[in-house]
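Welcome, and thanks for taking a look at this one. Please open the model and keep it in view while you read.

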Amino acid sequence: MYQRTKYDFKQELIKIKDSGLFKEERTILSSQKPEIHVQFPAGSEAREVLNFCSNNYLGLANHPDLIRAAHEALDRYGFGLASVRFICGTQDLHKRLEERISQFYRTEDTILYSSCFDANGGLFESLLGTEDAIITDALNHASIIDGIRLCKAKRFIYEHSDMKSLESALRKAREGMDIWDGPGLDKEPVPARNILIATDGVFSMDGDIANVRGIIDLANTYDALVMVDDSHATGFLGSSGRGSIEVHDALGQVDLITSTLGKAMGGATGGFTTGRREMIEILRQKSRPYLFSNTLAPSIAAAGIAAFDLLEKSDDLRRRLMANTGLFRSEMTRLGFDIIDGVHPIVPVMFRKFENDAQLSQQMARDLYAEGIYVVGFFFPVVPRGQSRIRVQISAAHTTEHIEKAVAAFAKVGRQLKVI
Ligand SMILES: Cc1ncc(COP(=O)(O)O)c(C=O)c1O
């Protein structure tokens, strides 16, 4: 039986390779930090490169405070819990981390997940049903898209960050939508019972920040709820690291926030949903990734608490990240690179002026790697056609020298390839 199926799968793999989209892993032989030891391609000699493509925004992936907290938790609480939360998988550590997150965001309650992917996967179907509507930004993360697919609520997609398009969807949901599924059910459209607007706080390909203020204003007008996934903002965006919602001075006005511990907050695993008490309580009763998947390892929960403690003690890492980002952005602009404007440590270096943008993004990433700078090029269909780019990600752990080396390598390769 497998012979025929094997042929199909092999053909599919060939197609992926032919389209240039085959993903290969690069093996890192050191911890996650700016200077890493990488083996690529497989079997080749490992070399030291500067890492400019991780989500280690605050440099906490290798921070002594988090490592110490994780070690202590290993010794005191053991390695794992071998249980989901509601059977026998809740330690005081999990409760403390949930309280710590609620305190950080000034929200009423928090529920932990193994990842933000799970937080988003278990959110929508637990809270909304056939009579409800979800209005979602066209560029939302895959986990929001998948979470919405699992839910029976009516889905409306609005154009990326376009408030007119969002308003038009809100109006449709309020005026009446067709919720009747199946033959012979041609009944009158009905207004949505509850409406939830879902958005990424920061969109990971462009590093642009959602118009959280505009979304809240429209939500208030149309009596809708707002959910923001702040995975690329928690810990470093806003004046005290409370993310895109703080940038828009809207703490306390968003109903649900999901985010990850897997990026700025230590970079291991773990996610959460924080917000209104009753909705978090429902998630504890109904959310499937929470009910049917293992609890966070104690070492991860303890390091999560340490990460939030660290942020509230000092602003240094956040300031360093913003200074590094400002330096890289201004130097690249001065050199004549086409970068998407903004303040976020995601800095997309664009090739949209060139006809062969896809090839250029790949060639430039390869040449930069040869110069000791590890970055990744993205092209269609990961980003829209003609919008190929190298996505640079800056960290607080980079030194000024690291940034200068990256800029010098971009200048050298950029001139060789006639990009600048
Ligand atoms: C916006 C957004 N949401 C969710 C996730 C998933 O996070 P996690 O790694 O915790 O599952 C990501 C990660 O890429 C993300 O960018």
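Here is a short tour, from the whole chain down to a few local features.

This is a predicted model. The protein chain holds 16 helices and 16 strands. Its radius of gyration is 23 Å, which agrees with the value near 22 Å for a compact globule of 420 residues.

**The chain as a whole**

- Along its principal axes, the C-alpha trace of the protein chain spans about 65 × 60 × 55 Å.
- Of the 420 residues in the protein chain, 48% count as buried.
- If you take contacts between residues at least 6 apart in sequence, 67% of them join residues at least 24 apart.

**Helix 8 and its surroundings**

- Helix 8 runs over residues 163-175 and so has 13 residues; from its first C-alpha to its last it reaches 18 Å, close to the 18 Å expected at 1.5 Å a residue.
- Which residues of helix 8 are buried? They are Leu166, Ala169, Leu170 and Ala173.
- These buried residues lie on the same side of helix 8, because they cover an arc of only 100° around the axis.
- A general point helps here: an α-helix has 3.6 residues a turn, so residues three or four places apart point the same way.
- Turn the helix around and you will find the exposed residues Lys164, Arg171 and Glu175 on the face of helix 8 directed away from its buried side.
- The cover over the buried residues of helix 8 includes strand 5, strand 6 (154-158), strand 7 (195-200) and helix 9 (212-222).
- Just after helix 8 comes Gly176, which has a positive phi, near 155°.

**Asp132**

- Look for Asp132 in the loop between helix 6 (124-127) and strand 5 (133-137).
- Is Asp132 buried or exposed? Asp132 counts as buried, because it has 21 C-beta neighbours inside 10 Å and the cut-off for a buried residue is 20 or more.
- Setting aside neighbours within four places in sequence, Asp132 is in contact with Ala153, Ala192, Arg193, Asn194 and Ile195.
- Asp18 is 114 residues from Asp132 along the chain, and the C-alpha atoms of the two are separated by 42 Å.

**Around the ligand**

- There are 13 residues around the ligand, and those that come nearest are Ser115, Cys116, Phe117, His141 and Thr260.
- What is the make-up of the shell around the ligand by class? The shell has 9 polar, 2 nonpolar and 2 charged residues.

Definitions and conventions. Residues numbered from 1 in each chain as written. Predicted model: local features only at pLDDT ≥ 70, side-chain atom pairs only at ≥ 80, totals over all residues. Helix = DSSP H or I, 4+ residues; strand = E, 2+ residues; numbered from the N terminus. Buried ≥ 20, exposed ≤ 12 C-beta atoms within 10 Å, placed from the backbone. Contact = placed C-beta atoms within 7 Å. Expected span 1.5 Å × (residues − 1). Arc of directions from axis to C-beta. Near = placed C-beta within 6 Å. Nonpolar A, V, L, I, M, F, W, Y, C, P; charged D, E, K, R; others polar. Rg over C-alpha atoms; globule rule 2.2 N^0.38 Å.
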